[in-house]
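Let's take a walk through this one together, starting at the far end of the chain and working back. Have the model open and follow along.

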Amino acid sequence: MDLSIIIPSYNEKDNIRPIVRRIHEAMASLRDVLYEIWFVDDSSDETLEVLAELAATDERVHVHHRNGERGLASAVVQGFKLAQGRYFIVMDADLQHPPELLPAMYERLKQGTDIVIPSRFVEGGSDGGLGPFRKLVSWTARVIGQIALHRLRRISDCTSGFFGLQRDVVAGAELDPIGWKILIEVLVKGHYRTVHEIAYSFLARDAGESKMSMHEQWNYFRHLVRLVSQSPSDRRFFLFCIIGASGVIVNEVVLSILLYGFHMKDTMASILASLVAMLSNYIWNDQITWRSQGAGRKWNVKLPIFVAISLVGILITTLVMHTCERIGLIVPIGQAVGILVSTVWSYVMNNRVTWREIEHRERGDIVVTRESASTAFTRAKSGV
Ligand code: GDD
Ligand code: MN
């Protein structure tokens with residue numbers, strides 16, 4: 001078997017026949033390719049009857065019905081287990097993902113690309129099928145995901161429900177998604193090096209309705225938290241931020257003690273409090289954030305580097321604050337932007353310099369390539 005097309009379906013009775021027909025039409029251009037279509041269905045309407053009828057007459061169509069179970073992502077994981085193909089393509093049942101793109105995706109997989117993602121956000125693509133509110137929610141979700149998980153950062157449509165992959169990408173990966181976004185699970189836990197994005201237009205639905213809900217947004221958030229906690233390099237940044245925030249409390253407490261307990265001068269008290277906070281941050285980061293790293297180096301090497309990075313961080317905060325002020329923002333907002341920039345600076349520098357080593361081994365360079373709509377569609381059409 002060359003290709004398995006995996007389709008999660010939930011109450012899509014009017015879309016099943018059209019999508020199967022269009023998949024066959026699109027795949028007709030690839031004459032010798034053996035493919036199968038797996039529906040993983042959780043429907044409570046007549047979808048299952050339609051699927052069963054189709055499976056009885058079309059040997060390429062297979063159905064796995066789950067009773068009482070729900071969830072788009074877990075349905076796809078089930079599909080990965082059932083599928084026999086060397087390559088997998090996952091798509092929705094409602095024709096918002098155009099089957100005409102299948103040949104172009106297949107060719108890419110065959111050439112050896114590990115993951116192929118049709119993208120709404122590559123030049124020439126569009127997500128016209130979503131209303132303005134859904135667009136905003138979807139954008140916010142993507143940005144939060146990309147901040148939280150570094151493996152999503154360079155992927156323009158990391159929440160897509162349409163993607164293809166080599167079977168090996170997920171073979172052996174322990175997939176345990178919550179909710180809908182199976183692709184973020186694959187991108188974080190899969191074994192891959194090359195990703196190719198193809199521009200496409202996410203179309204409006206003809207039949208049935210979207211099952212997206214606020215509850216799914218909440219599930220997405222829970223899914224992100226779980227992935228961050230399971231991914232050491234992403235977890236580190238959050239630990240670093242939490243420890244940084246704890247430093248503010250240490251700073252204020254020490255300042256109060258020096259001012260009111262020891263009646264120290266304010267400038268002196270402020271400087272001392274900052275130094276104590278810095279030391280406290282250093283100890284926590286050394287013991288928690290980078291516990292498994294920087295082995296072999298003593299504190300008398302790491303601490304001065306850490307302090308130097310922090311001092312440059314303060315400088316950066318002030319410079320950014322002034323720049324923001326010049327373009328018309330008020331000082332506290334400018335300071336907040338400055339803190340953000342200097343936090344990222346300190347994190348990156350400490351990760352690469354102060355507690356170097358293991359990070360080198362971990363950073364597998366992933367290669368992302370893109371293809372605009374014009375090229376993709378010419379290729380898809382020329383085959384038909
Ligand atoms: N098996 C199963 N179980 N399938 C489900 C379930 C479920 O609980 N819920 C939804 N599905 C199926 C639908 O039948 C459809 O084929 C697909 O998953 C997507 O559901 P829609 O309800 O059509 O979602 P959407 O159009 O709002 O969002 C889609 O597009 C987004 C943009 O690409 C989804 O694919 C999102 O994941 C995607 O981000
Ligand atoms: Mn849809």
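How much of residues 329–348 is helix, and how far apart are the end C-alpha atoms? Bear in mind that we're looking at a predicted model. Over that stretch the chain is 90% helix with 0% strand, and its end C-alpha atoms sit 27 Å apart. UniProt, in an unreviewed entry, labels residues 329–348 a "transmembrane region", along with 237–262 and 305–323. Residues 237–262 come out at 96% helix and 0% strand, with 36 Å between the end C-alpha atoms.

Now head back toward the start of the chain. For residues 4–170, UniProt's unreviewed entry gives "domain: Glycosyltransferase 2-like". This span is 38% helix and 19% strand, and its end C-alpha atoms are 14 Å apart.

Strand E5 (115–119) is a good place to stop. Which strands does E5 pair with? On the antiparallel side there's E6 (residues 163–166), joined to E5 by 2 bridges, and Ile115 has Leu165 in E6 as its bridge partner. E7 (residues 194–199) runs parallel to E5, with 5 bridges between them; here Ile117 stands opposite Glu197.

What about the two faces of E5? In a regular strand, side chains alternate between the two faces of the sheet. In E5, Ile115, Ile117 and Ser119 take one side and Val116 and Pro118 the other, and all of them are buried. With 5 of the 5 residues buried, E5 is largely enclosed by the rest of the structure.

Carry on past E5 and you're in the loop that leads to helix H5 (132–148), which is where Asp127 is found. Is Asp127 buried or exposed? It counts as buried, because its relative accessibility is 11% and the cut-off for buried is under 20%. Leaving aside residues up to four places away in sequence, Asp127 touches Arg120, Phe121, Lys135 and Phe202. Lys110, on the other hand, is 17 residues from Asp127 in sequence and 27 Å from it in space, C-alpha to C-alpha.

Last stop: the metal. Which residues coordinate the manganese ion (ligand 2)? Asp94 does so through OD and Gln96 through OE1, at 1.9 Å. Both side chains belong to buried residues: Asp94 has a relative accessible area of 4%, and Gln96 is at 9% relative accessibility.

How values were computed
Residues numbered from 1 in each chain as written. Chains lettered and ligands numbered in written order. Predicted model: local features only at pLDDT ≥ 70, side-chain atom pairs only at ≥ 80, totals over all residues. Heavy atoms only, no water. Helix = DSSP H or I, 4+ residues; strand = E, 2+ residues; numbered from the N terminus. Buried < 20%, exposed > 50% of the residue type's maximum accessible area, 1.4 Å probe, protein only. Contact = heavy atoms within 4.5 Å. UniProt positions renumbered as here; feature names shortened; annotations may be inferred. Pairing = 2+ DSSP bridges. Donors = N, O, S within 2.8 Å, 3.2 Å for Na, K, Ca; no water.
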